[in-house]
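The following paragraphs lead the reader through a protein structure step by step. Please keep the sequence and the model in view while reading.

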Amino acid sequence: MVRFADLIPVAAAVERLLLPAECLVCQDPVPLREAEALVCGACRSRWPRIPPPWCARCGSPAGRDEPCTVCAAWPDTVDRARSAVWLDEAARRAVHHLKYDGWWRVADAMALAMRGLEPLTGRLSLVPVPLGSRRLRRRGYNQSERIAEALSRSIGAPVRDVLRRTRDTRSQTALTPEERAANVAGAFAAAGTLTGRCVLVDDVFTTGATLLAAAAALRAAGAEHVDAVTFARARNAVGQD
Ligand SMILES: [Zn+2]
Ligand SMILES: [Zn+2]
């Protein structure tokens, strides 16, 4: 026979499950209808969208007839790069949670914000930008892969984890744009033979150096088209990566 006292811990566990989740960013309760995101609507609305018009290739804000200064010197490895939001304070906090606090479930809310970016329509494979082995060991997961998985659940495209770092690179944080490009040049290799369109997935776009180096490896493995999407974009070229 089951005694009532035995059921109390069960009841407590059920009650905890029924309590609304807390927002990963502000810790306010998340309404049940928004619970899939785990970041409340108020916090998500503080992520400033990047409005058009933007450069057709790199996605930076650009006047319609002015040449783009961000991607003028890019090689032809990336067809289109797009980001969902500016890396302002609120988005920076979310990226910090994703990378350094182990709160990788914030990736679901990021994927929600990235839905509708041009490269994410039609037939495609999602390719996460890999971490170096040292950083992967320390963090325990690759944050770009978590975003790619969340995007995959949302749009149904497959994740192809085909890129590897061929060497550990320095942190990009304190480097100039030229140093960033040199730091990651040739740092990626793709396994196997690729076909069709690959969409690189990363958390933050700063100068595009990492995406360009990763795209070069995908092209070398046979990818016919390479696009890139990131959750956030730094407002100036020199910042964090
Ligand atoms: Zn919140
Ligand atoms: Zn551009």
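Does Gln 27 count as buried or exposed? The model is a predicted one, and in it Gln 27 has 9 C-beta neighbours inside 10 Å. A residue with 12 or fewer such neighbours is classed as exposed, and Gln 27 therefore counts as exposed. The residue is located in the loop between helix H1 (4-18) and helix H2. Its backbone also deserves attention, as Gln 27 is not a glycine and yet has a positive phi of about 65°. Most residues other than glycine have a negative phi, and most peptide bonds are trans. A departure from the second of these rules is found at the bond from Pro 52 to Pro 53, which is cis, with omega near 5°. Pro 53 belongs to the loop between helix H2 (41-45) and strand S1.

From these local details the account turns to the whole chain. The protein contains eight helices and six strands. Followed along the sequence, these elements give the pattern α-α-β-α-α-β-α-α-β-α-β-β-α-β. Of the 241 residues in the protein, 41% are buried. When contacts between residues at least 6 apart in sequence are considered, 72% of them join residues at least 24 apart.

The strands can be taken next. An open sheet is formed by four strands in the order S1-S6-S5-S2, and the pairing is parallel. Strand S1 (80-86) and strand S2 (125-128) are the edge strands, each pairing on one side only. On average, and with direction ignored, neighbouring strands of this sheet are turned by 25° against each other.

At one edge of the sheet, S1 runs parallel to S6 and is joined to it by six bridges. Within this pair, Ala 81 stands opposite Ala 228 in S6. Although S1 is an edge strand, it is mostly covered, with five of its seven residues buried. At the other edge, S2 pairs with strand S5 (residues 197-205) in the parallel sense over four bridges. Here Leu 126 has Val 199 of S5 opposite to it.

Two helices can now be placed against these strands. Helix H3 (residues 89-100) lies across S1, S5 and strand S6 (225-233), and it runs at about 105° to S5. Helix H4 also packs on the sheet, where it touches S1 and S6; the direction of H4 makes about 115° with that of S6.

One residue of the sheet merits a closer look. Asp 227 is part of strand S6. Is Asp 227 buried or exposed? Asp 227 has 23 C-beta neighbours inside 10 Å. The threshold for a buried residue is 20 or more, so Asp 227 counts as buried. Leaving aside residues up to four places away in sequence, Asp 227 touches Asp 79, Arg 80, Pro 119, Arg 197 and Val 199. Val 199 is the S5 residue that stands opposite Leu 126. Asp 227 and Arg 57 are 170 residues apart along the chain, while their C-alpha atoms are separated by 9.1 Å.

The packing of helices against one another completes the picture. The axes of helix H4 (residues 106-114) and helix H6 (residues 143-155) come within 8 Å and cross at roughly 60°. H4 and H6 are therefore oblique to each other, and H4 passes H6 in a right-handed crossing. On the H4 side, the contact is made by Ala 107, Asp 108, Met 110, Ala 111 and Met 114, and on the H6 side by Arg 146, Ile 147, Ala 150, Leu 151 and Ser 154. Sorted by class, this contact of H4 with H6 has seven nonpolar, one polar and two charged residues.

A second helix pair is made by helix H7 (residues 177-184) and helix H8 (residues 209-220), whose axes come within 9 Å and cross at roughly 30°. How are H7 and H8 oriented to each other? Angles under 35 degrees count as roughly parallel, and H7 and H8 are therefore roughly parallel to each other. H7 passes H8 in a right-handed crossing. In this contact, Arg 180, Ala 181 and Val 184 of H7 meet Ala 209, Thr 210 and Ala 213 of H8. By class, the contact of H7 with H8 comprises four nonpolar, one polar and one charged residues.

Conventions. Residues numbered from 1 in each chain as written. Chains lettered and ligands numbered in written order. Predicted model: local features only at pLDDT ≥ 70, side-chain atom pairs only at ≥ 80, totals over all residues. Axes fitted to C-alpha atoms, helices over the stretch in contact; angles between N-to-C directions. Parallel < 35°, antiparallel > 145°, perpendicular 65-115°, else oblique. Left-handed = near helix turned anticlockwise from the far one by under 90°. Contact = placed C-beta atoms within 7 Å. Nonpolar A, V, L, I, M, F, W, Y, C, P; charged D, E, K, R; others polar. Pairing = 2+ DSSP bridges.
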